[in-house]
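Biologist: Please take me through some labels in this model. I would like each one set against its definition.

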Amino acid sequence: MWETEKTHTLSTYKLGLDYAKEQDQLDTLSDYRNQFHIPKNQDGSELIYLCGNSLGLQPKTTRSYINQELEDWANLGVEGHTEAKNPWLPYHEFLTESMAKVVGAKPIEVVTMNTLTANLHFMMVSFYKPTKERYKIIIEADAFPSDKYAVESQLRHHGFDDKEGLILWKARKGEELVRYEDLEAIMDKHGDEVALIMIGGVNYYTGQYFDLKRITELGHNHGCMVGFDCAHGAGNVELNLHDSGADFAVWCTYKYLNSGPGSLAGAFVHERHAHNKNLNRFTGWWSHNKQTRFNMRHEFDQLAGAEGWQLSNPPILSLAAIRASLDIFNEVGIEKLNEKSRKLTGYFEFLLKQLGEDTIRIITPKNPKERGCQLSIQVLNADKALHDKLTKAGVISDWREPDVIRCAPVPLYNSFEDVYNMVEKLKEILN
Ligand SMILES: *Cc1c(COP(=O)(O)O)cnc(C)c1O
């Protein structure tokens with residue numbers, strides 16, 4: 001059986017392939033791997049896929065979920081909106097409860113719609129309300145580029161200078177991870193000028209999982225709105241978005257949520273804003289009261305909750321893929337996944353350390369509570385050639401300039417043996 005969380009210290013792990021195999025046998029979630037298509041080498045053997053942080057693998061059930069909608073479309077045409085096995089008009093609602101569970105929210109707080117960066121903009125339409133005195137936005141210095149571009153363009157859109165209006169929460173010289181006391185210091189100095197704090201809930205580069213509640217309370221104490229991009233958190237860590245108190249959050253579904261390239265994204269709006277009809281927003285017919293939406297002649301009547309941020313009728317084929325994936329998450333439960341995740345990533349860390357701490361540096365936090373499954377690894381004097389060799393050896397990981405390899409052993413479909421084999425290949429390449 002698993003040890004309890006407290007005993008997950010590196011000393012619990014052992015070296016050798018037998019240990020990895022034994023852990024896979026003890027793993028109560030190991031069968032879930034068979035529910036996914038694992039990409040293969042040309043010789044038919046399975047790749048060591050550690051890239052679920054970038055594109056999650058395809059559940060074998062996805063095809064049938066999508067086929068169902070293709071068939072209903074073929075057989076029913078427009079009638080499918082109401083007559084399909086899973087009627088399309090309310091289809092997005094079939095995802096709400098499972099999605100809410102995955103991100104730790106109430107159903108009224110989540111919706112699946114649009115794509116990630118689009119959702120970030122729509123959230124900022126409502127929650128970035130700059131005034132002449134209070135207009136600045138704080139993001140982490142190594143935020144995902146799309147997020148940085150999005151907030152810069154919001155600043156410009158409101159007539160502000162994007163350099164002057166953007167405050168970067170930076171790691172100290174010689175450090176990779178940002179410190180809360182530095183954010184607190186920024187707020188002490190500039191709190192009155194800040195309209196919005198927008199942070200990547202789990203930083204895509206370092207894998208640092210932030211204390212969302214702490215950041216939210218800090219922001220709120222200074223009168224700012226607070227939002228998170230949880231693209232690297234959803235399906236990876238227990239987000240507890242509701243309890244964090246954040247005003248909004250957004251995430252994608254194609255990373256840890258295994259819903260296919262470019263699939264629809266998620267948005268969270270805290271319950272306290274659910275019935276506020278005075279918030280500034282962009283609207284469309286899908287933001288309108290469902291009871292009268294099809295009368296088409298009514299004055300606009302704002303739909304309550306996160307659903308009220310929808311604009312369009314959503315792409316059903318994408319929703320079907322998300323539904324297939326969420327059904328698996330719903331069955332396993334994010335808590336169990338986390339338990340395995342901590343053990344699997346701890347094991348990965350343990351094995352990497354054997355390669356020598358002056359060869360390998362892990363920039364991801366050591367504390368399991370401050371990370372998800374991803375480890376960001378710096379290898380001494382490495383360049384992209386090392387990553388290319390890893391790829392050639394059948395390890396799918398992800399390279400980020402200047403010198404970081406990101407690997408994410410995903411608890412749903414990665415095994416202890418995957419992790420073991422990856423480190424063995426790395427060792428061979430380094431020798
Ligand atoms: C993956 C990711 C994106 C990608 O944005 P799309 O709009 O889905 O293309 C943006 N921000 C973060 C933090 C991400 O991790």
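Modeller: Leu 317 is partly exposed, with a relative accessible area of 36%. This is a predicted model, where local features need pLDDT of at least 70, side-chain atom pairs count only at pLDDT 80 or more, and totals for chains, interfaces and linings use all residues. Residues are numbered from 1 along each chain as its sequence is written, and side-chain values use heavy atoms, with hydrogens and water left out.

Biologist: Why is Leu 317 called partly exposed?

Modeller: Buried means under 20% relative accessible area, exposed means over 50%, and partly exposed is in between (1.4 Å probe, protein chains only). Leu 317 has 36%, so the label is partly exposed.

Biologist: Why is Asn 258 called buried or exposed?

Modeller: Asn 258 has a relative accessible area of 2%, so it is buried. Asn 258 lies in the loop between strand 7 (248–251) and strand 8 (265–269); helices (H or I, at least four residues) and strands (E, at least two) are DSSP runs, numbered from the N terminus.

Biologist: And what makes Asn 381 buried or exposed?

Modeller: Its relative accessible area is 73%, so Asn 381 is exposed. Asn 381 is in the loop between strand 10 (375–379) and helix 12 (384–392).

Biologist: What is phi of Asn 381?

Modeller: Phi of Asn 381 is near 60°, a positive value in a residue other than glycine. For Asn 258, phi is near 50°, also positive. Most residues other than glycine have a negative phi.

Biologist: How do you know which peptide bond joins Glu 401 and Pro 402?

Modeller: Omega is about 5°, and the bond is cis. Pro 402 lies in the loop between strand 12 (398–400) and strand 13 (404–407).
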